[in-house]
Amino acid sequence: MLRRLFVLACLLPALALAQAPANVSSDYRDAVQARESGAYMMVVYADGKKSLVPVASLRPPDLAWLRDLAENKPLAKGKSSVTVVAAPTTVPAKQTIVTAETKDGVETVRLVAPSILRDQIGGTCMLYARVHWLDIAGHYVDAATIYKAINGAPPDSPWDAPQYANGLTTIITDRRPRPLIHTRPPGVEEFNWAREQLRKGRPLLAALPREIWQALPPGYIASRPWSGGSVGHQIVVNGFTYNRATGEGSFHVVNTWAELPEFDLSLEAARGGNLVFEASLSRVGEPPEVVTKEIVQRVTFLKSVGNSNLYEVVTNRGTERMLAPSEEAARRLVEERN
């Protein structure tokens, strides 16, 4: 009699398993009880184990099987409850602005300096400037990432090494979340755009494309592997002064030389292509901007250029000139880049 009861008890789980349709996943074939509660399904298995499964994650056959169990072999509701708390999706925005004031007609904006002022090794200003740029915005870079890019690269021409050229990109793209970069919209004056970005707390990646000896303290350039010309020198701009009435002012430069970590570049020295802005960088945690759709307001033919035409295109964002085969093509080029 006892042997018969033992065999019967052993068969009960097997009978429960046999009730599951063939298309039910193996994870739920030995379920014996269930209860659906909102977005979750509580499941009890033949071995006594329990699990809490999101309904949205279940395949249709599995969901049908568990709902059948919930109806025919319902799991009694206990006194305990489960609260699912969503993980935070935002981080506090980094406050990068140290000074933002106007006195006696002179506006001054200054952002924080990098947490570590680094001294470039050889001609690696492009990489080290990016490190400073990211640092100011709150995207910190460790030494291992830097050395991975520059190790083995020729000191005076690191851009010839594939890992260095690749590192200039991956130092940004490998970050999660990826830093948000902004470039100057067409038709917007470069220095005005740069000031507006700094007012928003965004540091600027910039370059001195050729030697400007008169703008820097004597002797510094001579001690560095920088000859200007086609190579230039990468820097970061993190502030400005500006007098609208007189047009005078300066940009504050964060440099990658230990003997000259920071300096002010006057607007007089910066003009004429001596200072070029490449992009700005949003602060960590900065809410994304709502970008207004660009709408073409007027297209004006200026002149023929070879087999194409030069048009002036006025939009709600500004004015620019572009080459296109026709007025309609110029209009479409603008509208399709939104």
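Two strands are taken to pair if DSSP finds at least two bridges between them, and in this predicted model strands β1 and β2 satisfy that criterion in the antiparallel sense, over 6 bridges. Within this pairing, A31 has Y45 of β2 as its bridge partner. The two strands form a hairpin in which 2 residues lie between them, and G38, located in the turn, has a positive phi of about 65°.

The hairpin belongs to an open sheet of 3 strands, arranged in the order β1-β2-β3 with antiparallel pairing. The edges are occupied by β1 (31-37) and β3 (50-54), each of which has a single partner strand, so that one side of each is left without a neighbour in the sheet. On average, and with direction ignored, neighbouring strands of this sheet are turned by 25° against each other. Strand β2, which comprises residues 40-45, is joined to β3 by 5 bridges, and these strands run antiparallel; in β3, V53 is the bridge partner of M41. Helix α2 (residues 60-72) packs on this sheet, where it touches β1 and β2, and the direction of the helix makes about 90° with that of β1.

A residue with a positive phi is also found at D104, where the angle is about 50° although the residue is not a glycine. Most residues other than glycine have a negative phi, and most peptide bonds are trans. D104 is placed in the loop between β4 (97-103) and β5 (106-111). With a relative accessible area of 81%, D104 is exposed, because the cut-off for that class is over 50%.

The helical part of the description centres on α3. Helix α3 (residues 125-137) packs with helix α4 (residues 143-150) at an angle of about 160°, their axes being 11 Å apart. This angle makes α3 roughly antiparallel to α4, because values over 145 degrees are counted in that class. The crossing in which α3 passes α4 is right-handed. On the α3 side, L127, Y128 and V131 take part in the contact, and they meet I146, Y147, A149 and I150 of α4. The residues of this contact divide into 7 nonpolar, no polar and no charged.

Helix α3 is also related to helix α5 (residues 162-173), with the two axes coming within 10 Å and crossing at roughly 10°. The helices α3 and α5 are therefore roughly parallel to each other, since the angle falls under 35 degrees. From α3, the residues C125, M126, L127, R130, V131, W133 and L134 meet Y164, G167, L168, I171 and I172 in α5. By residue class, the contact of α3 with α5 divides into 10 nonpolar, 1 polar and 1 charged. L127 and V131 of α3 thus appear in the contact with α4 and again in the contact with α5.

In the loop between α5 and β6 (181-182) lies P177. The peptide bond that joins R176 and P177 is cis, with omega at about -5°.

A further open sheet is formed by 3 strands in the order β12-β13-β14, and here too the pairing is antiparallel. Its edge strands are β12 (296-305) and β14 (318-324), each pairing on one side only. Neighbouring strands of this sheet are turned against each other by 20° on average when direction is ignored. Strand β13 (residues 308-315) is joined to β14 by 7 bridges, and the two strands run antiparallel; A324 in β14 is the bridge partner of N309. Helix α8 (residues 327-335) lies across β12, β13 and β14, and runs at about 125° to β14.

The loop between β11 (276-281) and β12 contains K293. This residue is exposed, with a relative accessible area of 54%, because that value lies over the 50% cut-off. K293 and N316 are separated by 23 residues in sequence, and their C-alpha atoms are 8.6 Å apart in space.

Notes: Residues are numbered from 1 along each chain as its sequence is written. This is a predicted model: local features need pLDDT of at least 70, side-chain atom pairs count only at pLDDT 80 or more; totals for chains, interfaces and linings use all residues. Side-chain values use heavy atoms; hydrogens and water are left out. Helices (H or I, at least four residues) and strands (E, at least two) are DSSP runs, numbered from the N terminus. Axes are lines fitted to C-alpha atoms, for helices over the stretch in contact, and angles run from 0 to 180 degrees between N-to-C directions. Contact means heavy atoms within 4.5 Å. Angles under 35 degrees count as roughly parallel, over 145 as roughly antiparallel, 65 to 115 as roughly perpendicular and the rest as oblique. A crossing is left-handed if the near helix is turned anticlockwise from the far one by less than a right angle, and right-handed if clockwise. Ala, Val, Leu, Ile, Met, Phe, Trp, Tyr, Cys and Pro count as nonpolar, Asp, Glu, Lys and Arg as charged, and the others, Gly among them, as polar. Buried means under 20% relative accessible area, exposed over 50%, partly exposed in between (1.4 Å probe, protein chains only).
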